[in-house]
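Here are some short exercises to work through with the structure open beside you. Try each task yourself before you read its solution.

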Amino acid sequence: MRLGVQYPIHAGGYLATYNASSVADTDWHSLTSGEFFDAQTGSRLGDGLKFAFLEVVSASTDTLAYLKLRAADGAGDGVSNTDGVVPVFSSFRVDSQALIGGTSVTSIAYKKAAAGDSFVIYAGFNNP
């Protein structure tokens, strides 16, 4: 055993994307693995998989989009610092499983900057 050294992190057993460009609003939307499709097989992923990593890419570079590493409570959830959200200019990525408690992230939420923006989420998943 080596102290102070983390074992290698598995980047995810499945790679999938979610294209929210056609979502024509700026409400909060929650996603689980069941809304994603495996990039290797084209099959819908099962519910309950854990997010290993995330990357969000927003077409807006001057207005903030938002991300949560949990489900939204409702479409009108807040976006201030005290709401525990990640503001996103253009893009953001995180190895969610490397965070304390991150190995239990089974849902996320996003809020687009503008209804007409292109908006894509890249995700890696591990089995429960």
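## Exercise 1: Two sheets

Let's start with one pair: in this predicted model, T17 stands opposite Y122 in β9.

**Task.** Find which strand pairs with β9 through 6 bridges, and place that pair in its sheet.

**Solution.** Step one: the partner is strand β1, residues 14-19, and the two run antiparallel. Step two: widen the view to the open sheet of 5 strands, where the order is β3-β1-β9-β4-β7 with antiparallel pairing. Step three: look at the edges, where β3 (37-38) and β7 each have a single partner strand, so one side of each has no neighbour in the sheet.

**Task.** Now do the same for H29, which stands opposite Y110 in β8.

**Solution.** Step one: β2 and β8 run antiparallel and are joined by 5 bridges. Step two: they belong to an open sheet of 4 strands, ordered β2-β8-β5-β6, again with antiparallel pairing. Step three: β2 (28-32) and β6 (86-88) are the edge strands; each has a single partner, so one side of each is left free of a neighbour in the sheet. Step four: ignoring direction, neighbouring strands here are turned by 25° against each other on average.

## Exercise 2: Salt bridges

**Task.** Using a cut-off of 4 Å between side-chain nitrogen and carboxyl oxygen, work out how many salt bridges there are.

**Solution.** The count is 2. In one, the side chains of E55 and R93 meet at 3.1 Å, N to O. E55 sits in strand β4 (residues 50-58) and R93 in strand β7 (residues 91-94), so this pair links parts 38 residues apart in sequence. The other joins K68 and D77 at 2.6 Å, N to O.

**Task.** Decide whether R93 is buried or exposed, and then classify K68 and D77.

**Solution.** Buried means under 20% relative accessible area, and exposed means over 50%. R93 has 61% relative accessibility, so R93 counts as exposed. K68, with a relative accessible area of 4%, is buried. D77 comes to 16%, so D77 is buried too.

## Exercise 3: Nonpolar cores

**Task.** Identify which residues of the largest nonpolar core touch the most other members.

**Solution.** Among its 22 residues, they are F36, F51, L54, I108, I121 and F125. Next, trace the strands: β4, β5 (65-68), β8 (107-111) and β9 (119-126) each supply at least two residues of this core. The most comes from β9, with 4 residues. Finally, look for another core apart from this one: that core has 5 residues, including Y66, A72, V85 and A109.

Methods:
Residues are numbered from 1 along each chain as its sequence is written. This is a predicted model: local features need pLDDT of at least 70, side-chain atom pairs count only at pLDDT 80 or more; totals for chains, interfaces and linings use all residues. Side-chain values use heavy atoms; hydrogens and water are left out. Buried means under 20% relative accessible area, exposed over 50%, partly exposed in between (1.4 Å probe, protein chains only). A nonpolar core is a set of buried Ala, Val, Leu, Ile, Met, Phe, Trp, Tyr and Cys residues joined through side-chain atoms within 4.5 Å. Two strands pair if DSSP finds at least two bridges between them. Axes are lines fitted to C-alpha atoms, for helices over the stretch in contact, and angles run from 0 to 180 degrees between N-to-C directions.
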